[in-house]
Structure formats: structure tokens, C-alpha cells
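Biologist: Hello! Please take a close look at one part for me, the largest pocket, and tell me how it is lined.

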Amino acid sequence: MKFRHELAYDAPPAAVFEMLADPEFRRAACAAQDVISAEVTLEREGAGFTLSVDQEQRTDDLPSFARTFAGASTRAIQREQWADPSGGTLQIDTPGKPSTLKGTITLTPDGAGTREVVELEIKVRVPLIGGKLEKLLADKVTAGMDAEHGVGIDYLAGR
């Protein structure tokens, strides 16, 4: 399944990049997503950074058929590799689950602001219900990005 989600910020790309490269921002974004736990590791490398967010997520909002597959909670490890402020790669691993989420994140100027675009290929290798699970994963990724966006708007406004 192809996934694309766009977010707009009222700040230049350099400011959005610095926000995304701030581990405190990432921790606040995890808190806004109501995860059970999250460990954020971020290392600056040249003009970019490497990020790992290892989190345990709630599954009580999933339909029962998906909870049977996911369990009472599920682990997701988000990895980002940014070579420079224009964008990077994104991979979300779900240990023990037959799913892969891989793609890119780009930041582009949009007037005086920034457009963040996330494009992923989401695959769940489960017979019969794989497509439904891919849609649920896409919905979870969208909700997480939207929660992060809300934290980002406040962060960039200095709140």
C-alpha cells in the first residue's frame, strides 16, 4: 500500500529541520501520542542526524480482529536517517510482526513556511486481512504524524 501524508508549518525549512532534530521535541511528540513508553536516541551527523524512537503503543483503539494480531500492546521502532535538512529516509519496524513500513520524508519551502511530506510503502504479509491491517497501520501513522504536527506548531511558536 502506498501512503502519503503532508503537513504544513508556518516556519522555514531550516527551523522545521532543527525541530525534528531536537530529542526533546521527539519526546514531547511521543507523549502527545499517548504511547506506553518511548526511548528516543538522536545523533547529529554532519548536516543531518540519525534518529531512533523505540516505543510501546496501545492497541485498545484497534478493532478486535487487529488486536488479535497486534496483542495488548505493540512495539514500533521508528528510524530516520537525514543526510541534510532537505529530507531523509524513514523506516518503522514492528518486531515479531510481518509488516514493513519504509519510505522518505522531505521538507520543502512553501511560501514563507514548510511542507513536510512523508511517503511510505506499507506491507503486511498476512493472508486475507493484510490489506485491512495495512489500512489500520496507515491510520495509526497518520494519527501519530498529526499529533506530532500539533506539538510542532506549539514548538515553533515558542510555547
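Modeller: Here is a walk through the pocket, its lining and the chain around it. This is a predicted model, with residues numbered from 1 along each chain, and local features need pLDDT of at least 70. Side-chain atom pairs count only at pLDDT 80 or more, while totals for linings use all residues, and side-chain values rest on heavy atoms, without hydrogens or water.

The largest pocket holds about 860 Å³ of space (an open set of points on a 1 Å grid where a 1.4 Å probe fits, with protein on both sides within 12 Å along at least five of seven lines; lining residues have an atom within 4 Å of a point). Its lining has 44 residues, and closest to the centre are Gln33, Gln57, Lys140, Val141 and Gly144. Elements giving two or more residues include helix H2 (23-32), strand E3 (48-58), strand E6 (99-110), E7 and helix H4 (130-156). H4 provides the largest share, 10 residues. By type, the lining splits into 25 nonpolar, nine polar and 10 charged residues, with Gly counted as polar.

Strand E7 spans residues 113-124 and includes Val117. The C-alpha of Val117 lies 6.6 Å from that of Leu107, although the two are 10 residues apart in sequence.

Stepping back, the chain has four helices and seven strands (DSSP runs of at least four and at least two residues, respectively). From the N terminus on, they run β-α-α-β-β-α-β-β-β-β-α. Along the principal axes, the C-alpha atoms fill a box of roughly 45 × 30 × 25 Å.

Conventions
Points joined across faces, edges and corners; volume = space filled by probe spheres on them.
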